[in-house]
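Colleague: Could you walk me through the enclosed spaces in this model? I'd like to go one cavity at a time.

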Amino acid sequence: MSTQPQPIAFVSAQALRERMHGAVNNAHLRQSFRGAMDFLMTKRAAQFPDPAELESLRSLSERIRQYSLSKLPDLLEQLEANLTRNGVKVHWAETPEEANAIMLGIAHQHAAKLVVKGKSMVSEEIEFNHAMEAAGIGALESDMGEYIVQLAGEKPSHIIMPAIHQTKQQIAKLFAEHIPGVDYTDNVDTLIQIGRRVLREKFEQAEIGLSGVNFAVAETGTLCLVENEGNGRMCTTVPKVHIAITGIEKIVEKLEHVAPLYSILTRSATGQAVSTYFNLISGPRRPGEKDGPEEVHLVLLDNGRSQAYADEQLRKTLQCIRCGACMNHCPVYTRIGGHAYGTTYPGPIGQIISPHMMGLEQTHLLPTASSLCGACGEVCPVKIPIPELLMRLRSEAQSAPHAQPAMVGQGAGYDPKISFAWRMWARVYSHPSAYRAFSWLATRFRVLTPRQQSGWTAARTPLQPAPRRLRDMLRERR
């Protein structure tokens with residue numbers, strides 16, 4: 001039986017609500033995520049003891065990303081030219097289907113039976129494992145967290161720590177059930193050694209290694225890969241063929257631009273000053289070198305990114321360096337976890353990037369799954385104004401459909417009655433006299449307000465007016 005996670009059809013509001021209600025009612029899940037997020041927030045805070053230094057580094061990183069995006073078409077051409085000169089074969093894919101077809105073609109060319117993968121959220125985005133499995137080719141995750149969720153037949157619940165929702169007891173059971181000759185043990189060190197032993201054998205057997213890309217340097221034709229386990233280095237050096245896949249936005253102009261981004265990425269993601277490994281890949285193995293692949297391929301994926309790029313405000317979405325800090329600090333994500341969102345990228349970053357990748361028809365409710373507290377924007381290392389983008393996406397989803405929409409699926413959540421109600425609300429709140437009249441009427445006809453309401457007002461005890469003495473106290477303070 002396949003252990004590949006099944007794609008999630010994120011279409012209906014009912015499915016989203018069911019996933020979220022299930023997560024909220026899972027006390028163990030909530031406790032696990034609360035503890036993990038508190039731990040990550042504490043580690044991040046310890047890495048930035050000087051607020052002035054943090055703000056300076058955030059501003060610098062923001063400028064680098066905005067500068068890179070402002071020159072994106074030219075930098076992509078420069079990157080392709082320099083990678084080609086270095087011996088790397090560059091491929092362009094507009095859709096997930098095209099990206100998978102390109103990589104399947106490479107696999108068939110080499111008669112590959114096994115692809116061993118380093119951590120890559122873009123490969124999750126395009127359902128790479130399913131495409132390989134359908135063609136009779138194995139695709140094995142080598143990142144320990146990804147390996148665990150693959151055994152469980154699940155999707156990653158966090159973009160940095162994919163198996164953060166799993167306990168050591170659950171992992172021990174998975175290993176005992178799926179790895180031949182392994183007995184149950186919940187000793188963490190033993191479990192890690194078991195995983196490493198299995199994966200080491202697969203590195204030697206795989207014909208192709210797949211990796212993601214954290215930064216692509218246009219000036220030098222260099223692919224940068226940040227990791228902690230060493231599996232990324234194994235995937236990119238042991239197999240004869242290395243395929244890297246990345247979104248078109250992961251580009252910088254110069255190698256010197258990588259240093260500030262790398263510094264703030266590791267500290268924001270896992271609270272580390274630096275990661276254990278930082279790989280710079282400039283091409284295939286050269287004559288006289290003892291290791292490295294014989295071929296290197298880079299697949300540059302669009303998948304809705306050009307739609308975000310075309311809009312000056314929405315373009316800021318592409319500044320993301322995939323650190324996960326917005327998720328770690330989000331009160332909603334902390335309570336429901338990653339699987340409840342039903343998308344590859346959960347949490348605040350998923351709410352603003354998934355509509356471009358999947359269209360608003362399937363994701364128009366995502367931007368509403370936020371308290372708009374602003375924590376995500378405050379901690380973003382490259383200063384993406386996530387709350388502003390959420391409001392923009394809400395507006396696009398709820399606006400009346402028109403001939404030339406700014407986004408695919410624009411108006412997917414449009415309801416004439418709701419639209420009329422909000423227009424009336426805006427007019428009332430825009431005119432002091434109308435607001436005062438509405439307030440006077442509302443206080444006198446509040447008895448008509450339903451005592452049981454849906455959403456956040458749902459409670460065991462029906463809604464009741466505040467005690468008179470409290471109202472009097474508040475009135476006196478005015």
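Colleague: How much space lies in the second largest cavity?

Modeller: Happy to help, and do keep in mind that this is a predicted model. For the second largest cavity, the space comes to about 60 Å³.

Colleague: Which helices each supply at least two residues of the lining of the second largest cavity?

Modeller: Let's start from the lining itself, which includes Cys330, Pro331, Val332, Ala375 and Cys376. Pro331 and Val332 belong to that list, and one helix spans 331–336. Ala375 and Cys376 are also among the lining residues, and another helix covers 375–379. The helices you want are therefore helix 15 and helix 18.

Colleague: How many charged residues does the lining of the second largest cavity have?

Modeller: Ser370, Ser371 and Gly374 are among the residues around this cavity, and Gly counts as polar here. By class, the lining has 9 nonpolar and 3 polar residues. As for charged residues, there are none: no charged.

Colleague: Which residues lie nearest the centre of the largest cavity?

Modeller: That cavity holds about 90 Å³ of space. Its lining has 14 residues, with 12 nonpolar, 1 polar and 1 charged among them. Nearest the centre lie Cys320, Cys323, Gly324, Cys326 and Cys380.

Colleague: And what distance separates the centres of domain 1 and domain 2?

Modeller: The domain assignment gives 48–303 as domain 1 and 416–477 as domain 2. Taken over C-alpha atoms, their centres are separated by 51 Å.

Colleague: Lastly, how many cavities of 30 Å³ or more are there?

Modeller: We have discussed the largest, at about 90 Å³, and the second largest, at about 60 Å³. With the cut-off at 30 Å³ or more, the count is 5 cavities.

Terms used
Residues are numbered from 1 along each chain as its sequence is written. This is a predicted model: local features need pLDDT of at least 70, side-chain atom pairs count only at pLDDT 80 or more; totals for chains, interfaces and linings use all residues. Side-chain values use heavy atoms; hydrogens and water are left out. On a 1 Å grid over the protein atoms alone, a cavity is a set of points where a 1.4 Å probe fits but cannot get out, and a pocket is an open set with protein on both sides within 12 Å along at least five of seven lines; lining residues have an atom within 4 Å of a point. Grid points are joined across faces, edges and corners, and a volume is the space filled by probe spheres set on the points. Helices (H or I, at least four residues) and strands (E, at least two) are DSSP runs, numbered from the N terminus. Domain bounds come from an automatic or database domain assignment.
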